[in-house]
Amino acid sequence: MDRDATADVNAPHSMGTTIIGVTYNGGVILGADSRTSTGLYVANRASDKITQLTDNVYICRSGSAADSQIVSDYVRYFLHQHTIQLGQPATVKVAANLVRLLAYNNKNMLQTGIIVGGWDKYEGGKIYGIPLGGTILEQPFAIGGSGSSYLYGFFDQAWKEGMTKEEAEQLVVKAVSLAIARDGASGGVVRTVTINSEGVTRNFYPGDQLPLWHDEVEAHNSLLDILNASNPEPMST
Amino acid sequence: MDTLLSSEGDSQRTQYPYVTGTSIIAIKYKDGILMAADMGGSYGSTIRYKSVERLKQVGKHSLIGASGEISDFQEILKYLDDLILHDNMWDDGNSLGPKEVHNYLTRVMYNRRNKFDPLWNSLVIGGVKNGQKYLGSVSMIGVHYEDDHLATGFGNHLARPILREEWREDLSFEEGVKLLEKCMRNLLYRDRSAVNKLQIAKITEEGLTVSQPYSLKTFWNFAAFQNPTVGAAGSW
C-alpha cells in the first residue's frame, strides 16, 4: 500500500496528455494541457507541450517526454539547415515529413505521438497527425494523447469546416478542458498557439479559469468564506 | 551490431502494428480488375481515422491495395515510387506491369520477414498489361499467389465464400461492383474494424479510376431483430 502512495518518481517522464490541432479559415490552432507525469506524480504542472520548430511551424508533443523532445530537437535542426538551403521558410509538409522519417525509422524505440501544425504561403494552414508507428495523415483536425480518448465523440459532433479564428480557439479550449476533466493524466493549464499569415500568437488559460463541467463545483479560498457569506444553513446534518 | 551499443530489441525485431487498415477485396472482371477497400484506420479497438486511402496507383498498369500497418504501407508506396521512377528513367518504351510489381513486392516482404523485421501488411496487386489481366497478393511473411479473386484480413473468411460461389469469368463492370459491394456490406456487419466509407477502384487497359468515397446502405429491419429475446428472457 505504502509503495503505491509514494509513487514511482523515477519512472520515465511521460506526458499523459491531451493535444489538439485544428484548421480554420486562415490558419491553424494548436492546443494542449500542461501536465507531465512520472507514474502517479505530476512532475511538471505547467509544461509547454507546444514546441516551436520554425517561425511558421509548431508541434504538439505527447507520449514520452524525452522521445518527443529529442525528435523535435532533431527536426528543428534539420529544418534550420533546410531553410538556409531553400532560401525561404520551410513548408508545413516538409516539417511533418521530417518528423515522420524519425518516427517511422525508429518505430521500435520511440513512444511519441505528434501533431504538426503551421502555415505556409503555398497551402495555408495545415495539420498533420503522426501517431505511434510513424503513419502520416493530413487532417482538418487532429487529436492525440491519452486525453483524446474522451474527445472523439465531442469532435464528431462539434467540428465544422471553415470556422473563424475565435470559434476555433473556443473549440480547442473547450475540448482540452473536457479532456482534463476526465483524464487523470491531463491537467493544469490550457495553452494554445495560433498560426496564420500574420504570424504566431500564444494564449494561456489558467486551470482555475476553465469552465466547470458535470459534478465539478466552484472554487473558493476557504470554507470560511462560504460560511461567512451570510448563509443561514451552510453545514447540513 | 556492436553488442555494447545495441539494445536487446535490435536483434529480434518483430514490431507491433499501431494504425491498421482492414480487408481488401479484389476480383478480375471482363475488362480488368476491380478492387474495394474501406477508408478506416484503426488504432487498436478505436476507429481513429476515417479517410485513409488504401488503394493506390502504381505506374501505368497497376493498382495496389493494402491492409495492415498504414505507416508500412506508406513506406512501401515510397519504394514503389522509386521503382517506377527508375523504370521510367530507362526511357526504353517498356514499363513494369502488375506481375513484375507483384514479384518485386514479394521479394521485399520475404526478405524483411527473414530479418524478423516485417512490413506488417497484406498487399493486393492488380492490373492489366497488353490485354493480360493480373491479380496477386503478398502477405507480411512473403506468402504470395495469384488468383481470379482475392481478399485479405477478415475478407478471407467472409468475402471468399461469396466470391467462390458468385464469381464468373465474364462479369460486367456493374455485376463486379455489385459483387464487391455484397462482400463489403457483409464485412460492415461482421468486421469490428470495418468503417462505412469505401472506395472501389477499376483498372483496365485504358487506365485506372478510383471512385469517390461513398457509403453503403445497411439493413436492420428484420422481424427477428425486433424482439429477439421475447421467447427466452435474459438471452441475447
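**Exercise 1. Find out how confident the predictor is about chain A, and where that confidence drops.**

Start with the whole chain: in this predicted model, chain A has an average pLDDT of 91, and 90% of its residues score at least 70. Next, look for the weak spot. Residues 1-7 of chain A have a pLDDT below 50. Then check what that stretch touches: leaving aside near neighbours in sequence, it has three contacts in the model.

**Exercise 2. Work out how much of each chain goes into the contact between chain B and chain A.**

Count residues to begin with: chain A puts in 17 and chain B puts in 17. Now turn to area. About 1,500 Å² is buried between the two chains, and carbon and sulfur atoms give 50% of that.

**Exercise 3. Track down the salt bridges and polar contacts across the interface.**

Take the charged pairs to begin with: the rule finds two salt bridges between chain B and chain A. One of them to look up is B:Glu75 with A:Arg100. To check this pair, compare its N to O distance, 2.9 Å, with the cut-off of 4 Å; the pair qualifies as a salt bridge. Then go on to polar contacts, where 10 residue pairs turn up across the interface, with both residues at pLDDT 80 or more.

**Exercise 4. Describe the side of chain B that touches chain A.**

Begin with the elements: strand E5 (46-49) and helix H1 (70-89) of chain B each give two or more residues to this side. Which gives the most? That's H1(B), with six residues. Finally, sort the touching residues of chain B by type: seven are nonpolar, four polar and six charged.

How values were computed. Residues numbered from 1 in each chain as written. Chains lettered and ligands numbered in written order. Predicted model: local features only at pLDDT ≥ 70, side-chain atom pairs only at ≥ 80, totals over all residues. Heavy atoms only, no water. pLDDT = per-residue confidence, 0-100. Contact = heavy atoms within 4.5 Å. Buried area = accessible area lost by both parts, 1.4 Å probe. Salt bridge = Lys/Arg side-chain N within 4 Å of Asp/Glu carboxyl O. Polar contact = N/O pair within 3.5 Å; in protein donor to acceptor, adjacent residues only side chain to side chain. Helix = DSSP H or I, 4+ residues; strand = E, 2+ residues; numbered from the N terminus. Nonpolar A, V, L, I, M, F, W, Y, C, P; charged D, E, K, R; others polar.
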